[in-house]
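Visitor: Hi, I have not looked at this one before. Could you walk me through it slowly?
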Amino acid sequence: MKQREIQGKDGVAWTCVQAMTGGSGDIARKAEEHIQDNDGRVPVVCTPSGGEKSVHVDLPLQWDEQLSDDDMLNAIAAVREAH
């Protein structure tokens, strides 16, 4: 399971998790391929500290290592504004 924690300027800490990841071998690789969309993006659930609601965001496959905190916070904000 891929997981990453980020904190916004508002003090809210977000824990973001991509399910169906981790491990090694063919099963783990096939699971990750299965959840990717046509643009190579994967579903990630970000859960905040405090009273905010969790959000589901689609992020690039290597979000846990290559996506900046600001880009992740912007993706979270965009989903929250859309709802």
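Guide: We can go from the sheet to the strands and then to the charged side chains, keeping in mind that this is a predicted model.

Visitor: Okay, what order do the strands of the sheet come in?
Guide: The sheet is an open one made of four strands, placed in the order S1-S2-S3-S4, and the pairing between them is antiparallel. Its edge strands are S1, covering 2-7, and S4, covering 55-60, each of which pairs on one side only. From one strand to the next, the twist averages 30°.

Visitor: And which helix packs on the sheet?
Guide: That is helix H3, residues 69-82, which touches S1, S2, S3 (41-48) and S4, and whose direction makes about 135° with that of S4.

Visitor: How many bridges hold S1 and S2 together?
Guide: Six bridges join S1 to S2, which spans residues 13-18, and the two strands run in the antiparallel sense. Along this pairing Arg-4 stands opposite Cys-16 in S2, while Ile-6 stands opposite Trp-14 in S2.

Visitor: What sits between those two strands?
Guide: S1 and S2 form a hairpin with five residues between them, and in the turn Gly-11 has a positive phi of about 90°.

Visitor: What about the other neighbour of S2, how many bridges there?
Guide: S2 and S3 run antiparallel as well, joined by four bridges. Trp-14 appears again in this pairing, since it stands opposite Pro-48 in S3.

Visitor: Which residues of S2 are on its covered face?
Guide: The covered face of S2 holds Trp-14, Cys-16 and Gln-18, whereas Ala-13, Thr-15 and Val-17 make up the uncovered one. As background, side chains in a regular strand alternate between the two faces of the sheet.

Visitor: Switching topic: how many salt bridges are there?
Guide: The count comes to two salt bridges. In general terms, side chains of opposite charge can pair when their charged atoms come close.

Visitor: Let's take Lys-2 then. Which residue does it meet in a salt bridge?
Guide: Lys-2 meets Asp-64, with their side chains 3.7 Å apart from N to O. Asp-64 lies in helix H2 (residues 63-66) and Lys-2 in strand S1, so this salt bridge ties together parts that are 62 residues apart in sequence.

Visitor: Is Lys-2 buried or exposed?
Guide: Lys-2 has a relative accessible area of 14%, and because buried means under 20%, Lys-2 counts as buried. Its partner Asp-64, with a relative accessible area of 22%, is partly exposed.

Visitor: What else does the side chain of Lys-2 reach?
Guide: The side chain of Lys-2 also reaches the backbone oxygen of Leu-61, at 3.1 Å.

Visitor: And which side chains meet in the other salt bridge?
Guide: Those of Asp-69 and Arg-4 meet there, at 2.5 Å from N to O. This pair links distant parts of the chain, with Asp-69 in helix H3 and Arg-4 in strand S1, 65 residues apart.

Visitor: Is Arg-4 buried or exposed?
Guide: Arg-4 counts as buried, at 14% relative accessibility, whereas Asp-69, at 38% relative accessibility, counts as partly exposed. Arg-4 therefore brings us back to the sheet, as the buried residue that stands opposite Cys-16 in S2.

Terms used
Residues are numbered from 1 along each chain as its sequence is written. This is a predicted model: local features need pLDDT of at least 70, side-chain atom pairs count only at pLDDT 80 or more; totals for chains, interfaces and linings use all residues. Side-chain values use heavy atoms; hydrogens and water are left out. Two strands pair if DSSP finds at least two bridges between them. Axes are lines fitted to C-alpha atoms, for helices over the stretch in contact, and angles run from 0 to 180 degrees between N-to-C directions. Contact means heavy atoms within 4.5 Å. A polar contact is a pair of N or O atoms within 3.5 Å; within protein, one must be able to donate a hydrogen and the other to accept it, and residues adjacent in sequence count only if both atoms are side-chain atoms. A salt bridge is a side-chain nitrogen of Lys or Arg within 4 Å of a carboxyl oxygen of Asp or Glu. Buried means under 20% relative accessible area, exposed over 50%, partly exposed in between (1.4 Å probe, protein chains only).
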